[in-house]
Amino acid sequence: MECHDVRQLLAFVDRKCEELDAPERAALAQHLERCPECAALAQAEREFDQALGAAVRAVAVPPGLQPKILAKLATQPRGTPWKPLAAAAAIFIAVTLLGAGIAWKLRDTPAVSVADIRALADQENWDLSVVEQHLSEQGVPVEAPRDFDYRNLQHVDVAEFRGQRVPKLTFASRDGKAVACVLVLSPARFRLGDLHDGMELPGTTSIRIHHDRGHVNVIFYRGDLGALQRLPDQ
Amino acid sequence: MLWFGSARPAIESLVESHYAALYRYAYRLSGAAQEAEDLTQETFCLAQTKLFQLREANRAKAWLFSILRNAYLHKVRTSKQEKQVSLDSIGEIPDRDSERLSDIDAAQLQNALDELPEAFKTPIILFYFEEFSYKEIAEQMDVPLGTVMSRLARAKAFLRQRLTDRAELVEMGTPKPQASPASGEGMRTEGL
Ligand SMILES: [Zn+2]
């Protein structure tokens, strides 16, 4: 390797060097060992990088920036596409708050009465078609579960599950004793071979697998699931 | 209640891990504290709405940096503040000398960075900043590796020259220049 070539490569001397292959690195090192001029330039390059690097990184971060960012984020909808209609956003946030209210209820720290929540929820009229339209606007068009009573719907969200965006519906009974969360999994996005229809996984939060017109609904629930669902001939 | 929370993207942890680096990057790009704060804020707001696009957690940093850069470019373009310096004016790489760079004045450095067009400024900041490799910088900027290397070499030569010149001026007792004759960045920062 000649001096000219070496000087083109000096920038790599102290880098991760993933751009140079092993023979190039070896040739470079060999040349620097026997050529004092290039070695001096390499040393100057190193010092320059250190001085400039330290200066470039020396920026004082304003105190209080992190909580400021978090506070701003809390006022923004999550996972909502670029152009949410203001109304849709308002409903989304209202329903999110309802979900939070129910969650608090379950933690035995009732801040809001269920009747209040119910009254508010009834105003929103989230029936099946509104839910499907909302999910379609969120970029996850699916057929929402047909076996639930949508008067019990509390929350529609898009969850991230195994790297995919999936619809998540939360239902709660009027008395707050039954709560269910439904993830709608599409066979186009997941291999669902192990999830048999009717499968029940008991636990503090029970899980039921329900095949529904091509999709698989994974239902996490507590309490009496039947209280959240439609009567068969309703 | 784990499953109630499981759908919540971990945006808070991204903020905690990366807000300081993003702010520093934004500050070096824009040269102004308020704009850097706005850009950092905007980056996380965008990230929150697009979090589902992030497939691998270990790509989060590069992903956030590229969101910030796009937000910056968008701002610059819409306010027509982009420097119209031609790439040729950055010049060729002069012969190196082993001149030592003593203490670098923060304002001088930012002035010198502000003189660089974005195409040169971004690689130099990423290079010194957060240990991005040449390859990662090329991916961020969507340009070939060779382009990144040549821009970096030219940008470094430019900074070396600027910072050494100015250091000499200061040593000679000349009042610290607010803007070099060639830069015109005084107008730029006022407009922000
Ligand atoms: Zn040599």
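A residue is called buried when its relative accessible area is under 20%, and by that criterion buried residues make up 52% of the 192 residues in chain B of this predicted model. In chain A, 41% of the 234 residues count as buried. The briefing below takes up the two chains, the nonpolar cores, the zinc site, two buried helix residues and two residues with a positive phi.

**Chain B**

- The secondary structure of chain B comes to 9 helices and 0 strands, so that, by definition of these elements as DSSP runs, the order from the N terminus reads α-α-α-α-α-α-α-α-α.
- Of the contacts in chain B between residues at least 6 apart in sequence, 73% join residues at least 24 apart.
- The surface that chain B exposes is about 9,200 Å², and carbon and sulfur atoms supply 50% of it.

**Chain A**

- Chain A has 7 helices and 6 strands, and the elements run from the N terminus as α-α-α-α-α-α-α-β-β-β-β-β-β, with the helices written before the strands.
- When contacts in chain A between residues at least 6 apart in sequence are taken together, 51% of them join residues at least 24 apart.
- The accessible surface of chain A is about 12,600 Å², and 56% of that area belongs to carbon and sulfur atoms.

**Nonpolar cores**

- The largest nonpolar core has 62 residues, and the residues with the most contacts inside it are Leu52(A), Phe44(B), Ile124(B) and Leu159(B), a list that names residues of chain A and of chain B.
- Helix H4 of chain B, which covers residues 60-78, gives this core its largest share, namely 11 residues.
- At least three residues of this core come from each of domain 1 (8-79) and domain 2 (97-171) of chain B.
- Once its neighbours within four places in sequence are left aside, Phe44(B) is in contact with Ile69(A) and Leu73(A) in chain A, and in chain B with Ile11(B), Leu14(B), Val15(B), His18(B), Tyr19(B), Leu22(B) and Leu64(B).
- A second core, separate from the one above, has 20 residues, among them Leu135(A), Leu169(A), Phe171(A) and Tyr221(A).

**Zinc site**

- The protein donors of the zinc ion are the SG atoms of Cys3(A), Cys35(A) and Cys38(A) together with NE2 of His31(A), and these donors lie 2.1 to 2.4 Å from the ion.
- The site of the zinc ion is tetrahedral, with angles of 103 to 117° among its 4 donor atoms.
- For comparison, the ideal angle at a metal with four tetrahedral donors is 109.5 degrees.
- Along the sequence, the donor residues of the zinc ion follow the spacing C-x27-H-x3-C-x2-C.
- Among these donors, Cys35(A) counts as buried because its relative accessibility is 10%, and Cys38(A) is likewise buried, with a relative accessible area of 0%.

**Two buried helix residues of chain B**

- Ile125(B) is found in helix H6 of chain B, residues 118-129, and this residue is buried because its relative accessible area is 0%.
- Apart from its neighbours within four places in sequence, Ile125(B) is in contact with Tyr25(B), Arg28(B) and Leu29(B), while the C-alpha atoms of Ile125(B) and Leu113(B), residues 12 apart in sequence, are 8.9 Å apart in space.
- Ala21(B) is found in helix H2 of chain B, residues 11-30, and counts as buried because its relative accessible area is 11%.
- From C-alpha to C-alpha, Ala21(B) and Phe65(B) are 9.0 Å apart in space, although 44 residues apart in sequence.

**Residues with a positive phi**

- Most residues other than glycine have a negative phi.
- Arg213(A), which is not a glycine, has a positive phi of about 45°, and its place is in the loop between strand S5 (206-212) and strand S6 (215-222) of chain A.
- Because its relative accessible area is 39%, Arg213(A) is partly exposed.
- Asp142(B), a residue other than glycine, likewise has a positive phi, near 55°, and is found in the loop between helix H7 (134-141) and helix H8 (145-171) of chain B.
- Asp142(B) counts as exposed because its relative accessibility is 71%.

Key: Residues numbered from 1 in each chain as written. Chains lettered and ligands numbered in written order. Predicted model: local features only at pLDDT ≥ 70, side-chain atom pairs only at ≥ 80, totals over all residues. Heavy atoms only, no water. Core = buried A, V, L, I, M, F, W, Y, C linked by side-chain atoms within 4.5 Å. Buried < 20%, exposed > 50% of the residue type's maximum accessible area, 1.4 Å probe, protein only. Helix = DSSP H or I, 4+ residues; strand = E, 2+ residues; numbered from the N terminus. Domains from an automatic or database assignment. Contact = heavy atoms within 4.5 Å. Donors = N, O, S within 2.8 Å, 3.2 Å for Na, K, Ca; no water. Tetrahedral: all angles 85-135°; square planar, octahedral: opposite > 155°, others 65-115°. Areas by Shrake-Rupley, 256 points an atom, 1.4 Å probe, with all protein chains shown as cover.
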